[in-house]
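Work through the exercises below with the model open. Try each task before you read its solution.

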Amino acid sequence: MIDWTTLEAWPLAEAIRRSLWAYPVLEIVHIAAFATLVGSLLVLELRVFGVQPTLSLTALGRLAVRAALTGFGFAVLSGSLLFVSAAAEIAANPAFQVKLVLILMAGTNALVFHARDSLRRHDVVARYQAGLSLTLWFGVIAAGRLIAYV
C-alpha cells in the first residue's frame, strides 16, 4: 500500500493547500487542458465519421493530435499538482480510480488507432475506434467531475 501522506507532506503540496489561488488556478488549467484535448479529438473524430469530407484527414490528424497531446500534457501536469495537495483522499476516491482506468483505456485506444494507421485506412474499425475514443474521454470528464461528489 502506498503511503500518500508522504506526498502530501511535500512543500509544494503544502503550498498548494495554503494558497488562496493555487488550487483554483490549477483547476482552471486542468479544465482548459481537457477542453483542448477533447475538443481537438472531437473535430478529428467527426472527420473520421465523414463530416466535412473535403478536409484532408491526415493533415487534420497531424494538427489535432499535436493539440490533443499538448492538452494532455497540461492536464497531467495540473492534475498531478491537484493530486499531491490531497493525495490520500483523492487516491481512495472511486471516481478518481475510474478516471485513471478510463485514461489508460483511451490512451491504449489511441495507440492502437495510430499503430494500425486508421487515419489512412479510414474504415469501419477507425470509426468504431473514434466512437470509443469520444465515449472514453467523455467518461474521463464525468469521472473527474464526480471526484468532488463521491
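## Exercise 1: Aromatic pairs

Start with one ring. Phenylalanine 72 is partly exposed, at a relative accessible area of 29%. Here buried means under 20% relative accessible area, exposed means over 50%, and partly exposed lies in between (1.4 Å probe, protein chains only). This is a predicted model: local features need pLDDT of at least 70, side-chain atom pairs count only at pLDDT 80 or more, and totals for chains, interfaces and linings use all residues. Residues are numbered from 1 along each chain as its sequence is written, and side-chain values use heavy atoms, with hydrogens and water left out.

**Task.** Count the aromatic pairs, then classify the pair of phenylalanine 72 and tryptophan 137.

**Solution.**

Step 1. Fix the rule. Rings of Phe, Tyr and Trp (its six-membered ring) pair if their centres lie within 6.5 Å; planes under 30 degrees apart are stacked, over 60 edge-to-face, and the rest tilted.

Step 2. Count. The rule gives four aromatic pairs.

Step 3. Classify. Phenylalanine 72 and tryptophan 137 are edge-to-face, with 6.3 Å centre to centre and 70° between the planes.

Step 4. Place the partners. Phenylalanine 72 sits in helix 4 (residues 57–84) and tryptophan 137 in helix 8 (residues 124–146), so the pair links distant parts of the chain, 65 residues apart. Helices are DSSP runs (H or I, at least four residues), and strands are runs of E (at least two), numbered from the N terminus.

Step 5. Check burial. Tryptophan 137 is buried, with a relative accessible area of 7%.

**Task.** Which class fits the pair of phenylalanine 83 and phenylalanine 96?

**Solution.**

Step 1. Take the geometry. The centres are 5.3 Å apart and the planes lie at 15°, so this pair is stacked.

Step 2. Locate the rings. Phenylalanine 83 is in helix 4 and phenylalanine 96 in helix 6 (residues 94–115), so the pair ties together parts 13 residues apart in sequence.

Step 3. Check burial. Both phenylalanine 83 and phenylalanine 96 are buried.

Step 4. Extend. Ring pairs join Trp4, Phe83 and Phe96 into a cluster.

## Exercise 2: The cores

**Task.** Which members of the largest nonpolar core touch the most other members, and which helix supplies the largest share?

**Solution.**

Step 1. Define the set. A nonpolar core is a set of buried Ala, Val, Leu, Ile, Met, Phe, Trp, Tyr and Cys residues joined through side-chain atoms within 4.5 Å.

Step 2. Name the hubs. The largest core has 13 residues, and Phe34, Leu37, Val38, Leu41, Trp137 and Val140 touch the most other members.

Step 3. Assign helices. Helix 3 (22–48), helix 4, helix 6 and helix 8 each supply at least two residues of this core. Helix 3 gives the largest share, five residues.

Step 4. Follow one hub. Beyond its neighbours within four places in sequence, tryptophan 137 is in contact (heavy atoms within 4.5 Å) with Phe34, Leu37, Val38, Leu41, Phe72, Ile103 and Ala106.

Step 5. Find the other core. Apart from the largest core lies another, of 12 residues, among them Ile16, Phe83, Ile90 and Ala91.

**Task.** Is isoleucine 90 buried or exposed?

**Solution.**

Step 1. Locate isoleucine 90. The residue lies in helix 5 (residues 87–91).

Step 2. Apply the cut-off. Isoleucine 90 has 12% relative accessibility, so it counts as buried.

Step 3. List its contacts. Leaving out residues up to four places away in sequence, isoleucine 90 touches Leu82, Phe83 and Phe96.

## Exercise 3: A polar residue and two loops

**Task.** What does asparagine 109 touch?

**Solution.**

Step 1. Place asparagine 109. The residue is in helix 6.

Step 2. Check burial. Asparagine 109 is at 9% relative accessibility, so it counts as buried.

Step 3. List its contacts. Not counting residues up to four places away in sequence, asparagine 109 touches Gln129, Leu132, Ser133 and Leu136.

**Task.** Where do aspartate 117 and histidine 122 lie?

**Solution.**

Step 1. Aspartate 117 is in the loop between helix 6 and helix 7 (118–121). Its phi is near 60°, a positive value in a residue other than glycine. Aspartate 117 is partly exposed, at 34%.

Step 2. Histidine 122 is in the loop between helix 7 and helix 8. Its phi is near 45°, also positive in a residue other than glycine. Histidine 122 is partly exposed, at 28% relative accessibility.
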